[in-house]
Structures are given as structure tokens and as C-alpha cells.
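Here is a short round of questions and answers on one model. Please look over the sequence and the fold before reading on.

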Amino acid sequence: MSFVLKLRWFFQERWKFYALAVSLMIGVNLLATIPPKMIGNTIDHIQKGNLSASQLHHTVLLLVLLALLIYVMAYLWITNLFGNSALVEKLLRGRLLGHLTTMSPAFFQRNSTGQLMALATNDVLAIGQTSGYGVMTLVHTIVGASVVIVTMVSLISFKLMLAALIPLPFLALAINILGKKVRVRFLAAQASFGAMNDHALESISGIRVIRSYVQEAHDLKAFDKVTSDVMHKNRRVSMLNALFQPLTSLIVGLSYSIGIGYGSYLVFQNEITLGQLISFNIYLGMLIWPMISFGEFINVLQRGSASADRLDKALTQKPDLVDVDTPTTVAMPERIEMKGLTFTYPIANHPSLVDVSFQLERGQTLGIVGRTGSGKSTLLKQFLRQYPIESGKLFVSGVPIEHIAMDQMKAWVAYVPQEHLLLSKSIRDNIALGKHTASPEEIAHAVEMASFAQDIAGMPDGLSTIVGENGVMLSGGQKQRLAIARALLIDSEILLLDDSLSAVDARTEARILQHIRKERAGRTTLITTHRLSAVSHANWILVLDEGRVIEEGTHEELMHFGGWYREQWDRQQMEASLED
Ligand code: ATP
Ligand code: MG
């Protein structure tokens, strides 16, 4: 039942198709009761010796016509029903991806990629099967069985029907117990399939690390363990599945024995004719399918509803962050102000930012420096609205950031993350990711500003070169400059550069920074870096340590202060002069 509820939207939308398929199935089942009766009648005529040639011709012709009609009708309902299966799979996959795009990083921390892939493949498939094949088996069971039973009673004998069907309740009971077990085992098998996906993904994307540490054999062994687990769990499911069919055969065999034994007795008692006994046994044979269908139905339904539960769990997770009911409209992000913000990641037990404050006017540049792990990236991420923050701590144009529509914020901000995120597309598509309509001139300009033009000239297909998964064929510095070109192309109000030039040499870095300064005059930029020369021109610099601001000021003020910044600056200058 819960399965139907979860897919109510689909059944409501497609009820006409289901109604047509079910009506056709009912028709087929009704028509199928005619031939056995005709055969029984013919046999009675033979026994009485009054079968005429024309009667026989008639019967044969009618049987052939019926078979053809049933064929056409069955074709129609099968295509109709299984079309629904394919459609529900497509719709569910669309829903799932649509939902995933609204989820924040915390969701992906809770749900691994492999598990999400298992949802989109195996689970969606199981749901599709239930809404096609499952519906078929259900209708088959109900309609098939009731039509046959009614025909048995009305045309032959109530007593005989009752006797022959004594074993049936045992079948229902056994299938019910088995079905519950199937569900439990199937859930375990799906979870294990998800874990296998995770492992495969990691092995493939991490293949270079694995090779360089000569861990291939070890990784293969570990993978073997995971696949064995999947095999073992799936085997446990199929072991139960395998029980369904023999069980049905057993029960059907019992029914047959009773049918033939008790039926013959009734013939001797002259309660039924020989023809009726034969018709009855053909009807009993026709009950096999509904019974097998019943077993199949329970089996498919259990798997489908287990999968529907899994999918539902993912689909009903709300985004961690939603817009306030009536967001405040802000025309332009003028001043940015942080007032004593303390921030802790959802699963962390100590804060990554502690009581951080600063102010930045539009057009200014903020530099954020400090030791590794001091909270620089965390500070930048506050502008991406990925995690909930305490209200009234971060303001844009005097409005608390949680009152500004998230789409508005995203439209203002361009972000160059510390870890590169490239798609396995061409360089051009990667650069134009945030602005598909960019003209070739705009792209060329962005490339120029990011000092990336020379590199592209050396690529086999220039801008059309495919970079491979996550840019495997680019150097670290090339990836960084591609990411910068991508951010500069959208010409945003606020630019966040998270250690974005760490892999290029000092001279190239200086050139790019100069371009950025010129290009972005009048707009706001936030830069984090380990190389202090990248922020020496900034209007204000924060030095973080364990999430706290330990020094702040302009470059001159910090040099004068003589703390961490000064010490670091002197050391870096000395290293630079040694290198020269
Ligand atoms: P680096 O110079 O190495 O880039 P950083 O200054 O950018 O370092 P952050 O990435 O901001 O440092 O991390 C600050 C602290 O927050 C670290 O202790 C880190 O372990 C923690 N942290 C970062 N990201 C997460 C996360 N998603 N969940 C939990 N803790 C996190
Ligand atoms: Mg960082």
C-alpha cells in the first residue's frame, strides 16, 4: 500500500493507461475460459456419438479466431503496461537529479555518491518493475483466479472447486512469510550495491594515486571483498526467489491430485460428465498462472517498495537552507560586513571560525591569510550560503545575508574553489560554464586575463581540447588558470579566490593579479593565499589562526606590527631572492 501512496502522483497521471491495460487483461481472461468449455462439450458429444462434421469445423474455426483475438489484446496490454514502467523510471531519475541539485554539501556528506548512483539505477529499476510487471501479476492473480473460479462453479461443480482449492491458503501463507524476508534481504543487497559503487568510483578516480603507491593488488583484493559481499547478498535474495516457483508447483500438484481423484468420483456418481471433468482440469491448469503471478507479485512488490522507501528517504530530505518567506531586495551588494561570526561545520565538534569581524566597501579587496587549517576557506564559503549561520552576523548592504534570496547571492558571486572542479568537456565549455552565451571574444578576453592563452595555443585542439575527467590532462597551474578564466567571464560583483594561484609561479601570479585589479576596478574581491605578495595590495588583510583573527590591517600596518604576517613576509621575500 505504501508503494501505491508513494507513487500516487504517477498512478493519478497515468490512470487511463492502467485502466485500458487492466480492461484488456480482464477481457483476455474472460475469453480464455471459452475454449476449455468448448473442448469439454465436444468430448461429451463424442462420447454420446452425436458430433457432426459441421459442428466440429465450427468449433475449430472458433478456437483459432479466439486465439488470434487473445493474441492481439495481449499485445496491446503488454505494450501499454510496460510503457508505464519505462516512463516512471525516466520521471523518477529526473526527480532525483532535480532534487540533488538543490541539496547542500551537508547532504552529500551524509549520502555517498555510490549510494545515490544505486538509487538512480537499481532502485529506480525495481520501482519501474513494480509499476509494470507488478501490476500485471496482481491483475493476473485477481482477475485470472476469480474468472476461473466463477466459471468452475457456474459450469461444473461447486463441491469440486472447493475441494481442489483446499491447498491454496497454504500457498498464500507461505508466500506472505517469504515476501517479508525478501524485502529485508533486498534492502541489504541494495545497500551493498551502493557500497560497491562507491568503491568502484574511488578506485577509478584515484587510479593514479593507487598506482603510484603500488596498491593495485591491494585495491583489487579490497574490491573483490566488496563484490563478494554484493554477490552473497544477491544470492540470498535469489535463494528466496527460487523458493516461490517450486512452492507453487507443489501446491498446484496437490490441487491436480484432488481435482482428478475427487472429480473421477463425481463422474462415477453421475454428478458431472466426463467432458466437465476434462474442462475442470483445464481450468485448474489455468489457475497455475494466477498462482505463480501471486508469488511473483509479492516478490516484485517487496523489492519495489523497499526501493521506493530508499528513494523516498533521499527525496524527502529538505535542503538545509531555504530562503526566508519574503526576501529583502537588494539592488547592489555595496558594503559587506561581518560582525562577530562564529561558525561550526554540521558534523564538527569545534568551531572553524570564532568571533570574526570585518568591513569591506564595494570595490575593495580583502586578503585572508594564515596557517593551513586556520579557517580561510571556511570564511569565503560563508558567501556561498552552503551552511546555515547564526542570523545577524553577516550583512550585505546592511541586510542580513539570510534575508537575501539565495539565487540573488549566487548571481553576484563568482567562486574559484581551492580544489579544482572541471567537467570532462572541452576547455571552452569549462570556461563558459557560468555563461553559455559568451561570445568567442569574451572567452578570449577571459583567457587573456587569466594568462592562459599561451597554454591553450599549445593544446592539440586549442579551446576545443577535451580536458578529461576532472581535467586529468591539464597541469595544476593550468587548471587554476582555467578556473580563474571561468570566474572572470561572468564578471561578477563579488569574486572569491580561494588560494587560486598557488600552483603558478610568482611572476605569472603577479601578472594575473594585476589584470584582475584593473579588470575588476569598482567591484569587490576576497582573496585567500599562502603567498603574501598576492594580498599586499589589498585594502584590508585578516590573519587567521584557529578560526580567530589574530592580526588585521593594511600591508604597511601589519609590517609595522611585526607579528606573524611580518615574519612570514620576510621569510617569503628571502626565499624569493634566493630562488632568483
Ligand atoms: P588551507 O590553507 O589548508 O586551505 P584553510 O585555512 O582554508 O586551510 P579551512 O578549509 O577553512 O582551512 O578549514 C578550517 C577548519 O575547518 C579545519 O580544521 C578543517 O578541518 C575544518 N573543516 C573544513 N571543512 C570542513 C567540513 N566540510 N566539515 C567539517 N570540518 C571542516
Ligand atoms: Mg583553504
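Q: Is Ser377 buried or exposed?
A: This is a predicted model. Buried means under 20% relative accessible area. Ser377 has a relative accessible area of 16%, so the residue falls under that cut-off and is buried.

Q: Which residues coordinate the magnesium ion (ligand 2)?
A: The coordinating atoms are OG and OE1, at 1.9 to 2.2 Å from the ion. They belong to residues in distant parts of the chain, 41 residues apart. One sits in helix α13 (residues 376–381), the other in the loop between β6 (413–416) and α15 (427–431). The pair is Ser377 and Gln418.

Q: How does Gln418 count by relative accessibility: buried, exposed or partly exposed?
A: The cut-offs are under 20% for buried and over 50% for exposed. Gln418 has 35% relative accessibility, which lies in between. Gln418 therefore counts as partly exposed.

Q: Which residues come nearest to ligand 1?
A: There are 14 residues around ligand 1. Ser377 and Gln418, which coordinate the magnesium ion, are among those that come nearest to ligand 1. The full set of nearest residues is Thr372, Lys376, Ser377, Thr378 and Gln418.

Q: What share of the exposed area of ligand 1 does the protein bury?
A: Three side chains place polar atoms by oxygen atoms of ligand 1: Ser352 at 2.8 Å, Thr372 at 2.6 Å and Lys376 at 2.7 Å. Taken alone, ligand 1 exposes 630 Å². The share of this area buried by the protein is 70%.

Q: Which element gives the largest share of the shell around ligand 1?
A: By class, the shell has two nonpolar, ten polar and two charged residues. The largest share is three residues from one element. That element also holds Ser377. It is α13.

Q: What percentage of residues 19–303 is helix?
A: UniProt, in an unreviewed entry, places the feature "domain: ABC transmembrane type-1" at these residues. Over this stretch, strand makes up 0% and the end C-alpha atoms are 24 Å apart. Helix makes up 92%.

Q: What distance separates the C-alpha atoms of Asn197 and Ser112?
A: Asn197 lies in helix α9 (residues 168–205). At 11% relative accessibility, Asn197 counts as buried. Along the chain, Asn197 and Ser112 are 85 residues apart. Their C-alpha atoms are separated by 9.4 Å.

Technical notes:
Residues are numbered from 1 along each chain as its sequence is written. Chains are lettered from A and ligands numbered from 1 in the order in which they are written. This is a predicted model: local features need pLDDT of at least 70, side-chain atom pairs count only at pLDDT 80 or more; totals for chains, interfaces and linings use all residues. Side-chain values use heavy atoms; hydrogens and water are left out. UniProt positions are given in the numbering used here, feature names are shortened, and annotations may be inferred rather than shown by experiment. Helices (H or I, at least four residues) and strands (E, at least two) are DSSP runs, numbered from the N terminus. Donors are N, O and S atoms within 2.8 Å of the metal (3.2 Å for Na, K and Ca); water is not among the atoms, so sites may look incomplete. Buried means under 20% relative accessible area, exposed over 50%, partly exposed in between (1.4 Å probe, protein chains only). A residue is near a molecule or strand if one of its heavy atoms lies within 4 Å of it. A polar contact is a pair of N or O atoms within 3.5 Å; within protein, one must be able to donate a hydrogen and the other to accept it, and residues adjacent in sequence count only if both atoms are side-chain atoms. Accessible areas come from the Shrake-Rupley method with a 1.4 Å probe; for residues, only the protein chains shown count as cover. Ala, Val, Leu, Ile, Met, Phe, Trp, Tyr, Cys and Pro count as nonpolar, Asp, Glu, Lys and Arg as charged, and the others, Gly among them, as polar.
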